[in-house]
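Where should a newcomer begin with this model? Take confidence first, then follow the strands.

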Amino acid sequence: MIKKKKALVPEEMPEFQTALDALPSESKLFVDLSMNIAHAVHLLMEAKGMKQKDLAEGMGKSEAEISKIIGGMQNLTLRTIAKLEVALGEQIVQVPITEKDLEDKQRPVIKSISSKLANTTSNPMQYSNECPVRNMFDKNENVNGNDPKVKVC
Amino acid sequence: MQYYTVRFKGKELYEFRDFHIRMGAVESNRLELGEIYQYIQNIGEKFGALPHHFRAEDAAEALPPSYHQFIETDETNDFGIRLYCIRLSRSVVILLNGDRKTAQKVKDCKNCFPHFDRARRIALKINQLILDGLLKIDEATKTIDFEDDEELSI
């Protein structure tokens, strides 16, 4: 029985957060993805009462191969993920982007460009006199008396 | 979730701080170190200290988890950085020390073996103290309760 509890002194370690803040976004995402997938596989195996042996059978692989996959010794390819999902009978990775999502995302951007152009000039597709391409074209224009081969559009 | 660390008698630094300073001093370690810290943060904030998010190391544990895909280096004997720790419950973890593993088996790695061995002995000692009623994990407050005048000797 504990008669007198030892007081544990909390200590801040700001350098921990500094190291985290310095981590590139793709590394943070890699860790997040790794944990999410590992967690999902573990939860599903537990929920379905599956052992590694059952997963191996479902994926058509040996237990040793499954151990390597789950143990991180092999990169998870899309094909492996597909086999895992079939063996577990559940989706592990979802890609929620559809054409409709892209359309919905693009619409606001196009609208804002159109409104900016509408505010600047009556014909948004006409180059101004300051346009360097147009000016260079103008210099070469009647050198040989022929029509210029490059057209400004 | 609550993380703890320890300080050995005669040593100035806490074990986890010692790990951070030594590993962080080498530029090429910083990316791996950051990734280990991201695991620590995610375990603390999102998943809890579940066994499958740790590497089993005898009576103790280590990070990164065994499913972590280590960035390969040009070194032939490079198995990545290990941070040894002790998972006391889903809410309480003791972070200890570690180094870069340079052999398949930890007993053959001169960098990691001392840290692994200490972690293992601390874990065994804590288990014994729990069985003897001299150490208790309070899940509600996420604290480790043990006698004020007790020193953990390994």
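The paragraphs below start with chain A and then turn to a run of strands in chain B.

This is a predicted model, so confidence comes before detail: where pLDDT is low, the predicted coordinates should not be read in detail. Chain A has a mean pLDDT of 71. In that chain, 60% of the residues reach 70 or more. Confidence in chain A is highest in helix H1, residues 14–21, at a mean of 92. It is lowest in helix H7 of chain A, residues 132–140, at 36.

Two stretches of chain A call for caution. Over residues 109–116 of chain A, pLDDT is below 50. That stretch has 0 contacts in the model beyond near neighbours in sequence. Over residues 120–153 of chain A, pLDDT again stays under 50. Here the model has 14 contacts beyond four places in sequence.

Now move to chain B. Strand S2 of chain B covers residues 55–57 and pairs with S3(B) in the antiparallel sense, over 3 bridges. B:Glu57 has B:Ala60 in S3(B) as its bridge partner. The two strands form a hairpin, with 2 residues between them. In the turn, B:Asp58 has a positive phi of about 60 degrees.

S3(B) also pairs with strand S4 of chain B, residues 81–87. This pairing is antiparallel too, over 3 bridges. B:Glu61 finds its bridge partner in B:Cys85 of S4(B).

What about the faces of S3(B), residues 60–63? In a regular strand the side chains alternate between the two faces of the sheet. On one side of S3(B) sit B:Ala60 and B:Ala62, both buried. On the other are B:Glu61 and B:Leu63, also buried. Both faces of S3(B) are therefore covered.

Definitions and conventions
Residues are numbered from 1 along each chain as its sequence is written. Chains are lettered from A and ligands numbered from 1 in the order in which they are written. This is a predicted model: local features need pLDDT of at least 70, side-chain atom pairs count only at pLDDT 80 or more; totals for chains, interfaces and linings use all residues. Side-chain values use heavy atoms; hydrogens and water are left out. pLDDT is the predictor's confidence in each residue, from 0 to 100. Helices (H or I, at least four residues) and strands (E, at least two) are DSSP runs, numbered from the N terminus. Contact means heavy atoms within 4.5 Å. Buried means under 20% relative accessible area, exposed over 50%, partly exposed in between (1.4 Å probe, protein chains only). Two strands pair if DSSP finds at least two bridges between them.
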